[in-house]
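Student: I have a structure open and would like to know how its features earn their names. Could we reason through a few of them together?
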Amino acid sequence: MQKNVPRGTKRLSMFDKTYDVIVVGGGHAGSEAAAAAANMGSTTLLITMNLQNIAQMSCNPAMGGIAKGQIVREIDALGGYSGIVSDTSAIQFKMLNKSKGPAMWSPRVQSDRMRFAEDWRNMLENTPNLDFYQEMVVGILTKNDACIGVKTSLGLTIKSRTVILTNGTFLNGLIHIGEKNFGGGRAGEKSATGITEQLIELGFDSGRMKTGTPPRVDGRSLDFSKMIEQPGDDNPQKFSYLNTTSPLTNQRSCHMSYTSPVVHDLLKTGFDRSPMFNGRIQSVGPRYCPSIEDKINRFSEKERHQIFVEPEGWNTVEYYINGFSTSLPEDVQFKALRAVKGFEKVKFFRPGYAIEYDYFPPTQLQHTLETKLVKNLFFAGQINGTTGYEEAASQGLMAGINASLSVQNKPPFVLRRDEAYIGVLIDDLITKGTEEPYRMFTSRAEYRTLLRQDNADLRLTEKGYRLGLADESRLRLMENKKQQSESLVSFFKSQSVKPEEANPVLESKQSSPIRQSDKVFKIFSRPNININDVRKFEAVNQFIESNDLSQEIIEQAEIQVKYSGYIAKEKNNADKLTRLEYVMIPDAFDYSQIKSMSSEAREKLNTIRPKTVAQASRISGVSPNDISVLLVFMGR
């Protein structure tokens, strides 16, 4: 029985406090945003519709890949959690593109899907300053064009100084399987309503995008002997620069099979029932990760397409069929997949499906990911038109950082294009926008030789430390790595080797012999000479062993030697172009007064409102001549 409350006494509710940061959504963006804000000392509330699905791997059970692996390394270097969780839940590790230069090397792990979500949940629950609440957010609270909190489906209002929306595919999500469609944010979960409509009322532009996912199948029904095994690396590495876990000693293999003309013909029988082809889905999907029906339609000359069979964890029989994303009717999916070699007796856990959802063109954001229309409101993840766990997580991290800095009245944190792939990602979104789900590639980064996966800690850890995210132990690890690798490079530059010791090694590699003593650095710089070759020189091997240098240090030094010319040239180019990053454009600058600028440029600049001349130069439709005119008008 409730005790009587004395008259005049205020009844306290669970949400009488005003939070510094509220994060809406518990996916990859929301999890990183909540962790970053809380670790920077902000009182943070993470609200999600289902706390059991925090950091759920809705699509493939893997982290990293081409360019995406670099992003995970950058998140880790700054003090985020994605790299650590990827390591603790990994079942296979691969360094992709090792046959190419180090700018292209990209780490990727196959993950235990259930353990990944569990480890994320445990890390978040052990993060100070972070509260949790399970419910649907249906709108934001605003006052004087600023966000002051959120409202929930139960009618609760929760106050905060900043709000980060990380709604993923849930905003008015609509799932399609053949002729059937139903509301949902992903399989088995309802969609989120109310937010889109309110944001449109506030003046935001919105659009629709789609993505898809393949069937999940029972591994016990597959014949792996008919497939090509895809094992992990012989000497697996890991994502995090911390010593939180050891590299994998045991790994699970993936497998590969192929479609065929028979499979394609079976799939075509359902095209008239496909929502993609009969007009029921009109939104844009990811061009670089098309559905199987889209591949058949677009690449009709190809007789087969690769299919990767990926285990979902250590102890589950569930498999993810990468390369077979589809929204075709379930009976067509089933018949076609049974015609794939090794799948003759396949049993489905669930069919593939497509999902449509609302997004908001990211040109409506500042580089901090704060919206231009509503102060203290931030967007991160698929709400900005991106696709992929890694892209979402990096935006969540940056939104969490900047929301916390805003509350603390500190300057914002923005990464430049020459500092991080994260900087490239956000700058592309804000200055160019996107009309299709944005995916990161190494080709998008003009300074990719500088932005390698091996040096993310050297680039970003000190920044993370100054923010209060990366702790001192992480900083010391980075400084030690930097000192040891620089020491090894200096040794290569100072140490000479005589012809009688060098020439047998050079001749064994069909490399020209030397006639007099030469520096190890110069010999090592030859394209066909590697670290194992120079370790045959007694002084080199002795230096490495006496200093107990790790493979990571040796690899870092090797890259610095082999690519020193490329790195120096790219650094010089970056320094030249970066000067325009510091030419600020006044917030209230009126581009319409510059009559000698093209009409398209004036319109784009007035809409996007770039902060710097460099940002203005990257906007689609703004020419070099327009930038020259702008600089003259600004008195530069």
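Student: By class, what makes up the lining of the largest cavity?
Tutor: In this predicted model, that lining has five nonpolar, three polar and two charged residues. Asp87 and Lys238 are among the lining residues, and they count as charged because Asp and Lys belong to that class. Ala90, Phe93, Val109, Pro247 and Leu248 also line the cavity, and their residue types count as nonpolar.

Student: Why is this space called a cavity rather than a pocket?
Tutor: A cavity is a set of points where a 1.4 Å probe fits but cannot get out, whereas a pocket is an open set, so the enclosed space takes the first name. About 50 Å³ lies in the largest one, and the structure holds three cavities of 30 Å³ or more.

Student: What makes β10 and β11 a pair?
Tutor: Pairing needs at least two bridges, and strands β10 (residues 174–177) and β11 (residues 180–183) are joined by four, so they qualify. The two strands run antiparallel, with Ile175 opposite Phe182. Two residues lie between the strands of this hairpin, where Gly178 takes a positive phi near 60°.

Student: How do you know that α2 and α11 are in contact?
Tutor: Contact means heavy atoms within 4.5 Å, so residues named as making the contact meet that cut-off. Arg73 and Glu74 of α2 are among them, as are Asp457 and Leu460 of α11. By class, this contact has four nonpolar, two polar and five charged residues. The helix axes come within 7 Å and cross at roughly 35°, and the crossing is right-handed.

Note on methods. Residues are numbered from 1 along each chain as its sequence is written. This is a predicted model: local features need pLDDT of at least 70, side-chain atom pairs count only at pLDDT 80 or more; totals for chains, interfaces and linings use all residues. Side-chain values use heavy atoms; hydrogens and water are left out. Axes are lines fitted to C-alpha atoms, for helices over the stretch in contact, and angles run from 0 to 180 degrees between N-to-C directions. A crossing is left-handed if the near helix is turned anticlockwise from the far one by less than a right angle, and right-handed if clockwise. On a 1 Å grid over the protein atoms alone, a cavity is a set of points where a 1.4 Å probe fits but cannot get out, and a pocket is an open set with protein on both sides within 12 Å along at least five of seven lines; lining residues have an atom within 4 Å of a point. Grid points are joined across faces, edges and corners, and a volume is the space filled by probe spheres set on the points.
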